[in-house]
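Hi,

Here is the structure I promised to pass on. Have a look first, and then read my notes on a pocket and an interface below.

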Amino acid sequence: MTELVVKMAGIPVRIQTEYPIIKDFFKEYISEENPLFSVKTCFEDLKRAEEALHRLDEDEGRCYREYEEIELERNALHELIAENMPEHNAFLFHASAISYKGDGILFAAVSGTGKSTHAGYWIDNVEGTSYINDDKPFIRIENDKAYVYGSPWMGKHNRGTNDFTEIKSICILERDERTSTKEVNPMEVYPLIIQQTYRPKDPKKLEKTLSLVDDMVKSTKCYILKCEKNPKAAIVARDGIYENK
Amino acid sequence: MKINKDFVIHKSEKETLLVPVGNAGWAGVVRLNDTAADIVEMLTNGDEDFNVIVDKLKDKYDVAEEVLKKDAEEFIESLRQIDAIID
């Protein structure tokens, strides 16, 4: 059995695993700190991870394939860590997260809308932009502020870094022929934000997660970002969010 | 009948939502208007009979009984379809 401590969203977690090679996956997140909680997968966790991967493949039109145990272990650990994060004021969120001159911006949408594509346009065309995490960043609430954190789980394009920043904007993406931004009351997009939030299996942890989401939307601005499939959409979006600032 | 314990009622600033836990069969979110929120609260607080629910709604809302009954029936049926109600 291999043991290591990794720091996720600023929280040290002990991982116990039968796969020593997992250390490579977490190499940028290794910590010497005392862990606040431990995770160790069991057969049911791996089975659940496999079923989730197959569902995702089906949803995204990919052929059925067998997954290696190490892939299942990585995914199962992700879920176990996400399950325990709310007790430490953090949660997992499905969005493409970037930092623009130190401001955290989350691009959230229904799958297939183009979050990663749009985030890529910012990286390529807007100076001062970098990836935090292109798929499922951790969000942590501290002193009434919401911070977005990178993690080693970076989605199919593997884009992200071990970095964090304060979230300033949450952009809900919709495809359109013309790019525009509109600041909205968070309540207008609240159900969609909830739908992109990882939901623990335990009702009490889910209640805590939902109150953390409330803290996040209270401390950030929300926008509906209609965007075209064109690199200039990032410039238009940036100008819209930072108009008069 | 009562609300499945795998569904959590969450009240934020202006919204009341019914949200299932991660491994519930259904992964959506139910937005509750005032009447729906009252029904869900009654079903959460106790094992309520349909007629008791309608009587309590009649006390609160100035709406004809037939309308309340129809709305309550439709809403409860929609909750059953997502397994949010246990008998």
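**The second largest pocket**

The second largest pocket holds about 230 Å³ of space. Please keep in mind that this is a predicted model. Its lining includes A:E207 from chain A, together with B:I3, B:N4, B:K5, B:F7, B:V8, B:I9, B:H10, B:K11, B:E41, B:T44 and B:N45 from chain B. Two elements of chain B, β2 (7–11) and α1 (34–45), each give at least two residues to that lining. The largest share, five residues, belongs to β2(B). In terms of chemistry, the lining of this pocket is made up of four nonpolar, four polar and four charged residues.

**Where chain B meets chain A**

The contact involves 18 residues of chain B and 16 residues of chain A. Between them, the two chains bury about 1400 Å², with 66% of that area on carbon and sulfur atoms. On the chain B side, B:V8, B:H10 and B:V29 lose the most area to chain A, and together they make up 29% of what that side buries. B:V8 and B:H10 also appear in the pocket lining above.

As for elements, β2 and β3 (16–20) of chain B are the ones that give two or more residues to the side touching chain A. That side of chain B has seven nonpolar, five polar and six charged residues.

And what links the chains in polar terms? There are nine residue pairs in polar contact between chain B and chain A, counting pairs with both residues at pLDDT 80 or more. The rule finds zero salt bridges across this interface.

Best wishes

How values were computed:
Residues are numbered from 1 along each chain as its sequence is written. Chains are lettered from A and ligands numbered from 1 in the order in which they are written. This is a predicted model: local features need pLDDT of at least 70, side-chain atom pairs count only at pLDDT 80 or more; totals for chains, interfaces and linings use all residues. Side-chain values use heavy atoms; hydrogens and water are left out. On a 1 Å grid over the protein atoms alone, a cavity is a set of points where a 1.4 Å probe fits but cannot get out, and a pocket is an open set with protein on both sides within 12 Å along at least five of seven lines; lining residues have an atom within 4 Å of a point. Grid points are joined across faces, edges and corners, and a volume is the space filled by probe spheres set on the points. Helices (H or I, at least four residues) and strands (E, at least two) are DSSP runs, numbered from the N terminus. Ala, Val, Leu, Ile, Met, Phe, Trp, Tyr, Cys and Pro count as nonpolar, Asp, Glu, Lys and Arg as charged, and the others, Gly among them, as polar. Contact means heavy atoms within 4.5 Å. Buried area is the accessible area (1.4 Å probe) that two parts lose on being put together, summed over both. A salt bridge is a side-chain nitrogen of Lys or Arg within 4 Å of a carboxyl oxygen of Asp or Glu. A polar contact is a pair of N or O atoms within 3.5 Å; within protein, one must be able to donate a hydrogen and the other to accept it, and residues adjacent in sequence count only if both atoms are side-chain atoms.
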